[in-house]
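User: Got a minute to walk through this model with me? I'd like to talk strands first, then holes.

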Amino acid sequence: MTDRLGISIARGDAGLQVAITPPAPSPVAAMMLGKPAEEVAALMPRLFNLCGVAQGLAVRLALDLPVEGSDPRREILRDHLAKLCLRWPGLMGLTAQPLPADWPRGGPDLRAWIWDGDRPARLEPWLESGKGISPVLRAIAQRFAPGEAVADLPTRDRPMCLSAQENSPAMRVCDDPLMAQAEAIFGRGPLWRALGRVIDLDRLCAAPPLARRHGPGLASVAAARGTYTLALTLSEGRVSALQRITPTDHLVASGGMLQLSLESLPAHKVSLAGLVVDILDPCVPVELREVADA
């Protein structure tokens, strides 16, 4: 195994066949064993370029340590905006745009930039309007017909469960009326997931991300790709056990979001597999290859 996520796809008579090779497990747990609680809380954000603050906050909540200065809102805003302004336009042949001014502050100015006016009540007219970030989402909607690249999975309220389940920013805002409209038309596919980032941005303009202590040694924190959950055990003030459940763990699970999304992509749209994977957004490098027809 390597630190890369391997994805092999083949065109078959019934669509795409997908084989997923998960990356090697992270050595972070072994690195933390025997260290004092405060040292672990300080190290976690430094070990990860992606969602480091969220993981550090999860440690602090789990161990009931002070959480001042551990707000992951900025890194979520940054990652969402990088996708919407830079990454996805580049993958679709659109012109990239700079991140909005003063984006780390969030607030009304960022919300106005998202929608270019009042927040719409109806999704389809806004997609056609050209306002705000709508051209990027419209381009995604044009590439995937209803029912394509979808994954309809449950959300289980068992924080340390590793089975296939929905763990994404879209899921935490699925109660939004615009999300309901996207799901009714397209299903839980690329547009629904991309719109989830937009709605999450909108909510973060007014409120911090969700963070929850489930009990001693167990906490969950929202991040750009979904929710991180950490379980830690202390013995005489030092970490004796640590387990992380990441959004990518749920993404690559057998029968999970990645497998179902790619398997429901029509074979003649195999060229869009890379865009699908980028919208799902695993937090590790990806090696995607097409093999001979199945």
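User: Which residue in β7 does isoleucine 9 stand opposite?

Analyst: Glutamate 290 is the one across from isoleucine 9. Keep in mind that this is a predicted model.

User: And how do β1 and β7 run, parallel or antiparallel?

Analyst: Parallel, with five bridges joining β1 (residues 5-12) to β7.

User: What sheet do they belong to, and what's the strand order?

Analyst: They sit in an open sheet of three strands, ordered β2-β1-β7, and the pairing is mixed. β2 (15-21) and β7 (286-290) are the edge strands, each pairing on one side only. From one strand to the next, the twist averages 20°.

User: OK, on to the sheet with β6. What's the order there?

Analyst: That one is an open sheet of four strands, β3-β4-β5-β6, with antiparallel pairing. Its edges are β3 and β6, and each of those pairs on one side only. The twist averages 20° from one strand to the next.

User: How many bridges between β5 and β6?

Analyst: Seven, in the antiparallel sense. Within β6, valine 239 is the residue that leucine 234 stands opposite.

User: Which helix lies across β3, β4, β5 and β6?

Analyst: That's α3, residues 52-62. Its angle to β4 is about 155°.

User: Switching to holes. What's the volume of the largest pocket?

Analyst: About 820 Å³. The lining of that pocket takes in 28 residues, and the ones nearest its centre are Ala24, Pro25, Ser26, Arg244 and Val284.

User: Which elements supply at least two residues of that lining?

Analyst: α1 (28-32), β6 (238-245) and α11 (247-251) each do. The largest share is from β6, with four residues. So the edge strand of the four-stranded sheet turns up again here.

User: How does the lining of the largest pocket divide into nonpolar, polar and charged?

Analyst: It has 19 nonpolar residues, six polar and three charged.

User: And the second largest pocket, how much space lies in it?

Analyst: About 510 Å³. Its lining is made of 21 residues, with Thr155, Arg156, Asp157, Ser220 and Thr227 nearest the centre. Two or more lining residues come from each of α8 (169-172), β3 (211-215), β4 (218-223) and β5 (226-235).

User: What's the breakdown by class for that second lining?

Analyst: Six nonpolar, nine polar and six charged residues.

User: How many cavities of 30 Å³ or more does the structure hold?

Analyst: One. The volume of that cavity is about 130 Å³.

User: Which residues lie nearest the centre of the cavity?

Analyst: Ser168, Pro169, Arg225, Ile279 and Leu280, out of 15 lining residues. The elements giving two or more residues to this lining are α8, α10 (190-204), α11 and α13 (273-280).

User: Which of them gives the most?

Analyst: α11, with three residues. That helix also supplies at least two residues to the lining of the largest pocket, while α8 gives two or more to the second largest pocket.

User: Last thing: how do the cavity's lining residues divide by class?

Analyst: Eight are nonpolar, three are polar and four are charged.

Key. Residues numbered from 1 in each chain as written. Predicted model: local features only at pLDDT ≥ 70, side-chain atom pairs only at ≥ 80, totals over all residues. Heavy atoms only, no water. 1 Å grid on protein atoms, 1.4 Å probe; cavity = no way out; pocket = protein on both sides within 12 Å on 5 of 7 lines; lining within 4 Å. Points joined across faces, edges and corners; volume = space filled by probe spheres on them. Nonpolar A, V, L, I, M, F, W, Y, C, P; charged D, E, K, R; others polar. Pairing = 2+ DSSP bridges. Axes fitted to C-alpha atoms, helices over the stretch in contact; angles between N-to-C directions. Contact = heavy atoms within 4.5 Å.
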